Each structure stands twice: as structure tokens, then as C-alpha cells.
Amino acid sequence: MAQPDLIDLGDGIYVLRFEVMKVTSVYRAVKELLARGVIRPGQTLVDSSSGIYGHALALVCRELGLKCHVFASVAVDDGIKTQLKYLGATYDQVGGGGANLQHDQEARVRLVHDYLRRNPDAYWMQQYHDDVHYAGYEHVAELLLKELGWAEMTLVGGVGTGASTSAMSRFLRASCPNVRVAGIQPFGSRSFGSENFPLDGFIIAGIGSGIRFDNIDYSAYDDIHWVDFDVSAAGCRHLLSTTGVFAGLSAGAGWQAARYIRSTEPSGGPVVFMAADPGHRYIKQVFPPDGPLVEDPEYRPVVISALEEMTGPWCTMNWGRRPYSVQDDLPVLALQG
């Protein structure tokens with residue numbers, strides 16, 4: 001599960017498709033922590049998750065003889081909860097409706113702290129803050145360089161906790177400094193300054209943030225794309241109907257951004273976007289079996305030059321590999337589209 005498939009979708013666009021992407025980082029992280037004596041076999045590992053990190057942690061703990069407890073987002077569905085149960089993990093799910101997804105990260109972290117007070121022998125994995133989660137992506141970067149061998153490659157993926165695209169940028173650029181990285185953020189995410197953007201009630205789990213994440217290397221990103229749910233969902237449906245790749249919302253957003261990048265740079269190197277998981281958990285929201293089969297709109301982003309120009313349903317900005325500063329926490333005023 002830690003080894004993704006690199007699929008050629010034509011026109012110089014590739015998808016790096018994972019079954020459960022976070023296994024890549026969690027397995028290497030837990031092995032390293034065991035080797036350093038930070039954790040020991042039989043100990044309980046705990047963390048907060050909106051889905052695939054918790055699933056990955058349960059898989060790895062089952063494999064390596066550890067216990068697992070997950071504080072699950074409202075976005076965690078019955079499929080993930082069933083797998084946690086049968087893998088021997090325990091979990092608590094934050095209550096509330098889907099509109100609370102923007103804020104439940106903070107609530108989950110508070111619950112982690114409370115759990116650690118009651119269970120002092122447990123170990124908090126801190127997927128948001130501990131860069132031990134970077135190490136697992138080194139072999140993925142090596143795979144891309146071996147298969148594609150392009151110094152001018154563009155990597156597209158969700159920013160999320162920072163452990164995937166931030167890590168991949170580090171390992172890819174160690175060999176090819178000119179690799180470009182385009183990060184994807186949902187509106188309403190605190191990372192990259194869209195937390196004040198008016199929401200339609202849905203923030204995309206896994207690629208955004210409700211709290212600050214120390215694992216994000218802001219200077220890793222050349223461009224940032226902010227997208228809403230409709231853009232990402234349309235991308236999922238278009239990806240499935242035109243390529244047969246069945247993947248989740250972050251992949252749908254990545255497909256949209258990858259096609260835009262290819263259209264603006266038709267002679268550039270390969271554009272590779274990351275698909276963190278299959279599309280099964282998104283059936284009701286994105287692929288309703290009894291819904292009409294309609295042609296998806298041709299979305300295009302608005303190009304902005306400053307955060308205060310942010311506008312929906314999709315906008316993009318040249319970030320220029322700069323750090324994030326206090327000055328970037330600006331109120332967002334525009335809502336269009």
C-alpha cells in the first residue's frame with residue numbers, strides 16, 4: 001500500500017495513485033520512532049484524522065504490534081470506521097454536522113490532549129507537526145525521477161498537513177532543483193490565508209487545515225490553487241469518465257489544476273498530480289449512483305496577485321517559494337462565481 005501506481009493519462013499528465021497515501025509516511029515514521037526508542041512495541045499510538053491518516057495508522061500498528069486510537073473527523077465515514085474496528089483500532093468521532101468540518105481539527109486536538117492526560121503512556125504521532133512523516137516520501141520521489149527523469153517536472157497535490165507535497169519537493173529538488181510544485185487548498189483553510197473566505201458549508205477534508213501545521217514548508221510551493229467543492233467534485237467526475245481513474249476529492253482538484261497547467265505550458269515537462277485514495281468514500285457527495293449524468297462545467301481559475309484578491313470558485317496565485325508571514329493573514333473580501 002505504500003507503493004503508488006504512476007499512470008500515464010496522456011498529454012504529458014500523470015497521476016500518482018495511492019490506495020492509502022498516508023501509509024507511505026506512517027510506516028516509515030513508526031519504524032523510525034521504534035528504531036530510535038521513542039516508542040516501543042505494544043504502546044498505544046494516538047492522533048487526529050479526517051480519514052486516511054487514521055486508517056494508515058491502524059494498518060501500521062496492526063503490522064508492527066502497536067495499539068491505535070484515532071480521534072476522527074466528522075468526515076470519517078462508515079467504511080473507514082469499519083476498517084479501524086477490524087484492524088483492532090479504537091476511535092472517538094467528533095460530533096456535529098458537515099458544516100463543522102472547518103473547525104473540528106482544533107476540537108480533535110483538544111481531545112488528544114485530554115486522552116494523553118488520562119493515558120500518559122500513549123504516544124501522540126503529531127502528523128501535523130512532526131517532520132518524521134516526511135521520510136516515507138523519499139522513495140516516491142525516487143520513483144518519479146526514475147520513471148520520468150525530467151528536471152522540469154511539475155508536481156501537483158494537496159497541501160494538507162505538508163507531509164506529502166512539502167516532503168516531495170525536498171526530495172525531488174535534491175536531484176532536480178527546477179521541479180515546480182503547485183499546492184491545492186480548499187477555501188476556508190487556515191494555511192495560505194483563506195480561513196476568512198465565505199464558505200458554502202463544505203471544506204474539503206485532508207487538503208486543508210483549521211489550525212496551523214508546523215509540517216508545512218511554505219517555501220516549497222511555486223503556485224497555490226484555491227478550489228471549492230464543486231470544482232473538485234467536477235474534476236473527480238471528469239477524471240473518471242475520461243480516464244477511468246476513480247479517486248477522491250483531492251485528486252479531482254489535482255486533475256483540474258494539472259490540466260490548467262498543461263494548457264498554459266503546453267511544451268513543459270510532465271505534470272504529475274497525486275491521488276491520495278480511491279473514490280469510494282465520496283460516492284454520495286460526488287458520484288451519486290441515482291443522480292443525473294450531466295456534462296461537468298469547464299472551470300478555469302482566476303489568476304490573482306495578492307491574497308486580498310481571492311475569489312471563488314477557483315483562483316490561483318504565484319506563491320514564489322516564499323515563507324508565510326503574519327502579513328499573509330488578511331481578511332478575504334471577494335466572493336464571485
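**Exercise 1. In what order do the eight strands of the open sheet lie, and is the pairing mixed or uniform?**

Solution. The model is predicted. Start with the order. Read across the open sheet, it runs β1-β2-β10-β7-β8-β9-β12-β11. Next, the sense of pairing: it is mixed. As background, strands of a sheet pair through backbone hydrogen bonds, either parallel or antiparallel.

**Exercise 2. Find which strands stand at the edges of this sheet, and say why one side of each is left without a neighbour.**

Solution. Take the two ends of the order. They are β1 (5–8) and β11 (302–304). Each has a single partner strand, so one side of each lacks a neighbour in the sheet. Now add the twist. On average, neighbouring strands here are turned by 25 degrees against each other, direction ignored.

**Exercise 3. Identify the strands that helix α5 touches where it packs on the sheet.**

Solution. Locate α5 at residues 138–148. Then list its contacts: β1, β2 (13–17), β7 (154–158) and β10 (271–275). Last, compare directions. That of α5 makes about 150 degrees with that of β2.

**Exercise 4. Work out how β9 pairs with β8 and with β12.**

Solution. Begin with β8, residues 180–186. This strand and β9 pair in the parallel sense over five bridges. One bridge sets Q185 against W226 of β9.

Move to the β12 side. Strand β9 covers residues 223–227, and β12 covers 314–318. Five bridges join them, and the two run antiparallel. Check two positions. W226 stands opposite C315 in β12. V227 has W314 of β12 as its bridge partner.

**Exercise 5. Decide whether the residues of β9 are buried or exposed, and on which faces.**

Solution. The cut-off for buried is under 20% relative accessible area. Split the strand by side. D223, H225 and V227 lie on one side and are buried. I224 and W226 lie on the other and are buried too. Both faces are therefore covered, and with five of the five residues buried, β9 is largely enclosed by the rest of the structure.

**Exercise 6. Judge how compact the protein chain is for its 337 residues.**

Solution. Count the elements: the chain has nine helices and twelve strands. Compare radii. The radius of gyration is 19 Å, close to the 20 Å from the globule rule, so the chain is as compact as a globular protein of that length. Its C-alpha atoms fill a box of roughly 55 × 45 × 45 Å along the principal axes. Turn to burial: 56% of the 337 residues count as buried. Finish with the surface. The chain exposes about 14100 Å², and carbon and sulfur atoms supply 50% of it.

Note on methods:
Residues are numbered from 1 along each chain as its sequence is written. This is a predicted model: local features need pLDDT of at least 70, side-chain atom pairs count only at pLDDT 80 or more; totals for chains, interfaces and linings use all residues. Side-chain values use heavy atoms; hydrogens and water are left out. Two strands pair if DSSP finds at least two bridges between them. Helices (H or I, at least four residues) and strands (E, at least two) are DSSP runs, numbered from the N terminus. Axes are lines fitted to C-alpha atoms, for helices over the stretch in contact, and angles run from 0 to 180 degrees between N-to-C directions. Contact means heavy atoms within 4.5 Å. The radius of gyration is taken over C-alpha atoms; the globule rule is 2.2 Å times the number of residues to the power 0.38. Buried means under 20% relative accessible area, exposed over 50%, partly exposed in between (1.4 Å probe, protein chains only). Accessible areas come from the Shrake-Rupley method with a 1.4 Å probe; for residues, only the protein chains shown count as cover.
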